[in-house]
Amino acid sequence: MPPVDRIAGIEWKRGAAGFRAMLSEAVCGPERLIGKPSMSDIDLLVLDRNVTEAPSADTRFGGLPSADSDVAWPACRECGGNMQFLGQVRLAGARRLHLIFMCANDPGMCSDWEADGGCNAVIGTGIDGLGIVEAPSEGEVVRGKPYGARIEQVQAADYGQARTLWEERHPGREQEVLGFIGGEADWLQGDETPSCDHCGEPMRFVVQLEEGPDDGSGMNFGGGCGYLFECDCAGGSGKFLWQS
Ligand SMILES: [Zn+2]
Ligand SMILES: [Zn+2]
C-alpha cells in the first residue's frame with residue numbers, strides 16, 4: 001500500500017483537479033487510503049520511439065493515420081476548421097483501429113473536451129490493407145513525427161499507483177507513460193461515460209491518455225487526460241472526451 005504522501009504527490013501533479021480529488025479523498029474516503037486495496041493488472045502504455053511512418057495497425061500517436069479505405073478528414077463543428085490527428089488506438093486482438101481527431105485550430109475556443117460537441121471525432125477502420133491517410137493542407141492537422149506505445153503491465157490498485165510504481169523504477173522518465181489501455185477509466189472528474197449514438201447503451205472504455213512525451217507538441221487536454229470509448233453494436237463507433 002502506498003503511503004499517503006505518495007498518493008498526495010500523484011494528485012498534486014494533476015493541478016487543480018488533482019487538488020480537488022485529494023481533498024475529496026481526505027474528506028470522504030480515508031478508508032481507501034488505509035484499507036487493503038484490491039490489486040489488478042494495469043496495462044500501461046509506455047513510449048516507444050521505434051516506429052516508422054509506414055501504415056500500421058498498432059497503437060501510436062502523432063504523424064498521419066492509417067486506414068483501410070478513404071477517410072474524410074473531420075472538420076470542427078464550431079470553427080469549421082480541419083481537426084488535428086491525435087493518434088490511433090487498438091485493443092489487443094481487436095479487428096478495429098480507432099483514429100482520434102480533435103480541433104487544435106484555436107486552442108481553448110472550441111468545445112473539444114466534449115464527447116458529443118463535434119469538436120473531436122473518432123473514426124473506426126479495419127486493419128487489413130491499410131494505407132496512410134493524407135492530411136488536408138489547411139489547419140493545424142498534424143502533430144509531428146509519430147511515436148509508438150508498448151504495453152507494460154503493472155500490478156496496482158489503480159492507474160495512479162501503477163504510474164507511480166513505474167516512475168519509481170524509471171526515475172525522470174514519467175512523461176514516457178502515455179496512459180493505459182483496457183479495464184476501467186480512472187476519472188479525474190466525475191464519470192462521463194458516453195452513450196452510443198446507435199444503440200443508446202453506455203460505451204465501453206478503451207484507453208486513457210496523457211498529453212504525451214514532448215512538451216510543446218503534446219495533445220492539449222488542459223493538463224488532464226483524454227478518454228476513448230467504443231461500442232460493439234453494429235453501427236456503433238467510438239467517442240472521445242477529456243477532463244482536467
Ligand atoms: Zn474548432
Ligand atoms: Zn452501440
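**Sheet order.** I began with the sheet of this predicted model, and I read an open sheet of 10 strands with antiparallel pairing, in the order β6-β5-β4-β2-β8-β1-β9-β10-β11-β12. I noted its edge strands as β6 (120-125) and β12 (238-243), each of which pairs on one side only.

**β2 against β8.** I then looked up how strand β2 (residues 60-61) is joined to strand β8 (residues 147-156), and I found two bridges between these antiparallel strands. For the register here I noted Arg 60, which stands opposite Gly 148 in β8. Helix α4 (residues 159-169) packs on the sheet, where I find it touching β1 (40-48), β8, β9 (177-181) and β10 (204-209), and its direction makes about 105 degrees with that of β8.

**β4, β5 and β6.** Moving along the sheet, I counted the connections of β5 on either side: five bridges join β4 to β5, and six bridges join β5 to β6, with both pairs running antiparallel. As reference points for the register I took Val 89, whose bridge partner in β5 is His 98, and Leu 97, which stands opposite Thr 125 in β6.

**Is β5 covered on one face or on both?** I find both faces covered, with Leu 97, Leu 99 and Phe 101 buried on one side and His 98, Ile 100 and Met 102 buried on the other. This agrees with the tally for the strand, in which six of six residues are buried.

**Core.** I next looked up the largest nonpolar core, which has 52 residues, and I recorded Leu 44, Leu 99, Ile 100, Phe 101, Met 102 and Leu 228 as those with the most contacts inside it. The largest share of this core, five residues, comes from β5. For Met 102 I also listed the contacts, leaving aside residues up to four places away in sequence, and they are Met 83, Gln 84, Leu 86, Asp 112, Cys 119 and Asn 120.

**Arg 90.** My last entry concerns Arg 90, which I located in the loop between β4 (84-89) and β5 (97-102). Why does Arg 90 count as buried? I class Arg 90 as buried because 20 other C-beta atoms lie within 10 Å, and the cut-off for a buried residue is 20 or more. Not counting residues up to four places away in sequence, Arg 90 touches Ala 57, Asp 58, Thr 59, Leu 97 and His 98. I also checked the separation of Arg 90 from Asp 58, and the two are 32 residues apart in sequence but 6.3 Å apart in space, C-alpha to C-alpha.

Key
Residues are numbered from 1 along each chain as its sequence is written. Chains are lettered from A and ligands numbered from 1 in the order in which they are written. This is a predicted model: local features need pLDDT of at least 70, side-chain atom pairs count only at pLDDT 80 or more; totals for chains, interfaces and linings use all residues. Two strands pair if DSSP finds at least two bridges between them. Helices (H or I, at least four residues) and strands (E, at least two) are DSSP runs, numbered from the N terminus. Two residues are in contact if their C-beta atoms, placed from the backbone, lie within 7 Å. Axes are lines fitted to C-alpha atoms, for helices over the stretch in contact, and angles run from 0 to 180 degrees between N-to-C directions. A residue is buried if 20 or more other C-beta atoms lie within 10 Å of its own, exposed if 12 or fewer, and partly exposed in between; C-beta atoms are placed from the backbone. A nonpolar core is a set of buried Ala, Val, Leu, Ile, Met, Phe, Trp, Tyr and Cys residues joined through C-beta atoms within 7 Å.
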